[in-house]
Amino acid sequence: MTEILTTHAGSLPRSEELIAANAARPVGADGLTPAPTDEFREVLRQAVTDVVARQREIGIAIPNDGEYGHLMGSAVNYGSWWSYIFDRVSGLELTGSDHFSSEPVRSGPGDVRLTTFPDRRDWTIFADAYQDPTSGITVGGQATFPAATGEISYSDTGRELGAQDVANVRAALEAAGYDRGFLNALSPGSGSRIVDDHYGDEDAFLDAWVEVMRPEYEAIAAAGLTVQIDDPSIAENWDQINPEPSVEDYLAFTRKRVEAVNRALVNVPTEQTRFHLCWGSWHGPHTTDIEFRHIAPLLLEIDARYYSFEAANVRHEHEWTVWEDLELPQDKVLVPGIVSHATNVVEHPELVAQRLERFARLVGPERVIGSTDCGLGGRIHPQIAWAKLDSLVRGAEIASGRV
């Protein structure tokens, strides 16, 4: 019997104590970087120890720190996977101009540009539903994004915070008896989606983000951990282009962002890299998501061993069939989402097993790791999130006995 392993996309529910401690931190003069305190560091360290221990208790095979180092000061937060980096990068400033407040942007053939978040095609098609507080649609609230007003770089504060993440999770892994784990980090392409008031050139700004993120990736890998590159933008950008572009134009636009990831990973061993793709974690219709078949070949161009992607939510579950036609290289591993952040219904272990078996029969059980569609922290109630992970582990046990 080949055991099908389990993991998750990264974010896990924060404890009430950690959320309160983060919200209480004083913010520095720049309005972005909260001042660290010894008291907060201890709360964070203990919270990481506890969340790794809970993953061990449930039976998750490949854990992380729950993204606890990617801080959030409220129980509902869809954006900490991105906003955490603003504490770690110099050259950023709050100007009041971001992808929520700016004027919409129009693209044309051969000229693909991102528009504002409120101008997303899914958000405009279903405007009545998105604006109705009783609809059940949630987008996680409006975040405050800085703009680049000078040359950007990975700051000394960034190195300190990154080292803190590494130290916390390494200690927690050892205490829980794990021999491996991962840490999440932002992609250059996702970083470059903020407003650029300095470089004046899209490619130059993307290049700058490559240099920003490279030290974080290398520090995680040097500690013997796997680096997970979080890059929803590879798929999600499609919906943020108005009007809808041709697939060819979009792939050309996206390939630059794939190449940026590879350049940032140049000194990180492929076997220590996994890449996470999703269509955005907000709870909405998602009718304007790009089809997976169009971007899956690009996914395989990323220098990673492990590929994480949504495969459980009802807009994309059917796309497991992509792997019937697209050959997975022998040294690569699929990490499909088997339980979803997009529903409060806890998936039955038998359904989990069936979903895992689909992939295992296509590429072999040794090349499948069951995961979540996206992060569970800040998106669904903690009690439900942990129940989903428990069901994931139990379903993987069933599937392992059948493939």
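This is a short tour of one protein model, stop by stop, with a suggestion of what to select at each. Keep in mind as you go that the model is predicted.

**Stop 1: the second largest pocket**

Start by selecting His99, Leu114, Ser192, Ile194 and Glu202, the lining residues that lie nearest the centre of the second largest pocket. The full lining runs to 19 residues, and the pocket's volume is about 450 Å³. If you colour the lining by class, you should find six nonpolar, six polar and seven charged residues. Now show the backbone as a cartoon: strand S5 (195-196), helix H8 (202-222) and helix H10 (247-264) each contribute at least two residues to this lining.

**Stop 2: helix H10**

Stay with H10 and select 247-264. How far apart are its end C-alpha atoms? They are 26 Å apart, which agrees with the 26 Å that 18 residues should span at 1.5 Å a residue.

Next, show the side chains of Tyr250, Phe253, Thr254, Arg257, Val258, Ala260, Val261, Asn262 and Ala264, the buried residues of H10. As you look along the axis, remember that an α-helix has 3.6 residues a turn, so residues three or four places apart point the same way. What do the buried residues of H10 pack against? Their partners are helix H7 (188-191), H8, strand S6 (226-230), helix H9 (233-236), strand S7 (273-277) and helix H11 (292-299). H8 is thus a name to keep on screen: it is among the packing partners of H10 and also supplies residues to the pocket of the previous stop.

**Stop 3: a cis peptide bond and a distant valine**

Select asparagine 242 and proline 243, which are joined by a cis peptide bond with omega of about 0 degrees. Proline 243 sits in the loop between H9 and H10.

From asparagine 242, draw a C-alpha to C-alpha distance to valine 314: the two are 24 Å apart in space and 72 residues apart in sequence. Valine 314 belongs to the loop between strand S8 (306-309) and helix H12 (322-325). Is its side of the story buried or exposed? Valine 314 counts as exposed, because its relative accessibility is 81%.

**Stop 4: two residues with positive phi**

Two residues to pick out next are glutamate 67 and histidine 286. Glutamate 67 has a positive phi of about 60 degrees although it is not a glycine. Look for glutamate 67 in the loop between helix H2 (38-58) and helix H3 (80-83). With a relative accessibility of 4%, glutamate 67 counts as buried.

Histidine 286 also has a positive phi, near 60 degrees, in a residue other than glycine. You will find histidine 286 in the loop between S7 and H11, and at 7% relative accessibility it counts as buried.

**Stop 5: the aromatic cluster**

Select Trp81, Trp82, Phe86, Phe100, Phe117 and Phe145, which form one aromatic cluster. The count for the model comes to 18 aromatic pairs. One of them joins tryptophan 81 and tryptophan 82, a tilted pair with 5.6 Å centre to centre and 35 degrees between the planes. Both of these tryptophans are buried.

**Stop 6: the cavities**

How many cavities of 30 Å³ or more are there? The count comes to two.

For the largest cavity, select Arg88, Asp165, Leu183, Asn184 and Ile220, which lie nearest its centre among 14 lining residues. About 110 Å³ of space lies inside. The lining of the largest cavity has five nonpolar, four polar and five charged residues. Helix H6 (156-176), strand S4 (182-186) and H8 each supply at least two residues to it.

For the second largest cavity, select Leu44, Gly69, Leu71, Tyr84, Asp87, Arg88, Leu161, Gln164 and Asp165. This cavity holds about 60 Å³ of space. H6 gives the most to its lining, with three residues. By class, that lining has four nonpolar, two polar and three charged residues. Notice that Arg88 and Asp165 appear in the linings of both cavities.

**Last stop: glycine 96**

Finish at glycine 96, in the loop between strand S2 (89-93) and helix H4 (121-125). Glycine 96 is exposed, with a relative accessible area of 62%. From its C-alpha atom to that of histidine 283, 187 residues away along the chain, the separation is 26 Å.

Technical notes
Residues are numbered from 1 along each chain as its sequence is written. This is a predicted model: local features need pLDDT of at least 70, side-chain atom pairs count only at pLDDT 80 or more; totals for chains, interfaces and linings use all residues. Side-chain values use heavy atoms; hydrogens and water are left out. On a 1 Å grid over the protein atoms alone, a cavity is a set of points where a 1.4 Å probe fits but cannot get out, and a pocket is an open set with protein on both sides within 12 Å along at least five of seven lines; lining residues have an atom within 4 Å of a point. Grid points are joined across faces, edges and corners, and a volume is the space filled by probe spheres set on the points. Helices (H or I, at least four residues) and strands (E, at least two) are DSSP runs, numbered from the N terminus. Ala, Val, Leu, Ile, Met, Phe, Trp, Tyr, Cys and Pro count as nonpolar, Asp, Glu, Lys and Arg as charged, and the others, Gly among them, as polar. The expected span of a helix is 1.5 Å times one less than its number of residues. Buried means under 20% relative accessible area, exposed over 50%, partly exposed in between (1.4 Å probe, protein chains only). Contact means heavy atoms within 4.5 Å. Rings of Phe, Tyr and Trp (its six-membered ring) pair if their centres lie within 6.5 Å; planes under 30 degrees apart count as stacked, over 60 as edge-to-face and the rest as tilted.
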